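Please study the sequence and the structure shown here, and then work through the exercises in order. Each task is followed by a solution in steps.

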Amino acid sequence: MRKSTLYVLMAVWTLFHLYLAYNRTICVDEGAKHSYISLSVTEALYRHMSEAAPYHPGEFLLGYTSAKVLSPLQVPDEISTRLPAIAFGALSLGLVFQLSLPLLWFSFLFSVALTSFATEFLGYTPLIFGGALVFSWFQTKKLSPKLFYLNLAFGHLYGICAVALFSLFKKDWRKVFL
């Protein structure tokens, strides 16, 4: 697939999911995260880390920062807090569409799970991104250090573990970390 076609596809997917995010009410699971936005960063991180959930602090910080940066522009919380999840969804789509597996393209493009997760202020889209990163690495035999560090800094803990486990199986971890 040509890069220009891929970028157009990712842009259309992103716009469609921004529309879905705007029209989706904030669910119960997102409620706690939304209440943290009114707090200071340290208090919000303290509350976030005191939950028994596998959310990486980087995931929360992306949503928190997005909400704080976009609030002066009067962007609704439904979009500002969910924007990082939508971005991770678009990146996952981009990773998968660079592979030569049309069946996988179709399943990602119309994935109900990806659509559902991309329109929530929860950290599940970075988990799908971690899986797409591992699958891309397995297929292409190369890993982008920028995407690896993006996953490490802001990804879901299980996605980070999947990449780390795969790197141990490949015995390529030195190439990634060094």
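The exercises below concern a predicted model.

**Exercise 1. The nonpolar core**

Task: Determine how many residues the largest nonpolar core has, and which elements give two or more residues to this core.

Solution.
Step 1. The largest nonpolar core has 27 residues. Those with the most contacts inside this core are Trp13, Ile86, Phe108, Leu133 and Val163.
Step 2. Two or more residues come from each of helix 1 (3-23), helix 6 (83-97), helix 7 (102-109), helix 8 (112-118), helix 9 (125-140) and helix 11 (157-170).
Step 3. The element that gives the most to this core is helix 6, with 7 residues.
Step 4. Apart from this core lies another one, of 8 residues, including Tyr36, Leu39, Tyr64 and Phe121.

**Exercise 2. The surroundings of Trp13**

Task: State which residues Trp13 touches, leaving out residues up to four places away in sequence.

Solution.
Step 1. Trp13 is one of the residues with the most contacts inside the largest nonpolar core.
Step 2. With residues up to four places away in sequence set aside, Trp13 touches Ile86, Gly89, Ala90, Leu93, Leu109, Leu114 and Ala118.

**Exercise 3. The largest pocket**

Task: Describe the volume and the lining of the largest pocket.

Solution.
Step 1. The volume of the largest pocket is about 160 Å³.
Step 2. Its lining consists of Lys3, Leu6, Tyr7, Met10, Leu91, Gly94, Leu95, Gln98, Phe129, Ser144 and Leu147.
Step 3. Helix 1 and helix 6 are the elements that give two or more residues to this lining. Helix 1 provides the largest share, 4 residues.
Step 4. Sorted by class, the lining of the largest pocket has 7 nonpolar, 3 polar and 1 charged residues.

**Exercise 4. The cavity**

Task: Establish how many cavities of 30 Å³ or more a search of the whole structure finds, and describe the lining of the largest cavity.

Solution.
Step 1. The search finds 1 cavity of 30 Å³ or more. The space in the largest cavity is about 160 Å³.
Step 2. This cavity is lined by 18 residues, and Glu59, Phe60, Phe121, Leu122 and Gly123 lie nearest its centre.
Step 3. At least two lining residues are supplied by each of helix 4 (57-70) and helix 6. The largest share, 4 residues, belongs to helix 4.
Step 4. The lining of the largest cavity comprises 10 nonpolar, 5 polar and 3 charged residues.

**Exercise 5. The span of two helices**

Task: Check whether the spans of helix 9 and helix 4 agree with 1.5 Å a residue.

Solution.
Step 1. The expected span is 1.5 Å times one less than the number of residues.
Step 2. Helix 9 has 16 residues, so it should span 22 Å; its end C-alpha atoms are 22 Å apart, which agrees.
Step 3. Helix 4 has 14 residues, so it should span 20 Å; its end C-alpha atoms are 20 Å apart, which agrees.
Step 4. After helix 9 comes Lys141, whose phi is positive, near 65 degrees.

**Exercise 6. Lys68 in helix 4**

Task: Is Lys68 buried, partly exposed or exposed, and which residues does Lys68 touch beyond four places in sequence?

Solution.
Step 1. Lys68 lies in helix 4. The buried residues of this helix are Gly58, Glu59, Phe60, Gly63, Tyr64, Ser66, Ala67 and Leu70.
Step 2. A residue is buried under 20% relative accessible area and exposed over 50%. Lys68 has a relative accessible area of 38%, and therefore Lys68 is partly exposed.
Step 3. Not counting residues up to four places away in sequence, Lys68 touches Ile37, Ser38 and Leu39.
Step 4. Lys68 and Ser38 are 30 residues apart along the chain, and their C-alpha atoms are separated by 9.1 Å.

Conventions:
Residues numbered from 1 in each chain as written. Predicted model: local features only at pLDDT ≥ 70, side-chain atom pairs only at ≥ 80, totals over all residues. Heavy atoms only, no water. Core = buried A, V, L, I, M, F, W, Y, C linked by side-chain atoms within 4.5 Å. Buried < 20%, exposed > 50% of the residue type's maximum accessible area, 1.4 Å probe, protein only. Contact = heavy atoms within 4.5 Å. 1 Å grid on protein atoms, 1.4 Å probe; cavity = no way out; pocket = protein on both sides within 12 Å on 5 of 7 lines; lining within 4 Å. Points joined across faces, edges and corners; volume = space filled by probe spheres on them. Nonpolar A, V, L, I, M, F, W, Y, C, P; charged D, E, K, R; others polar.
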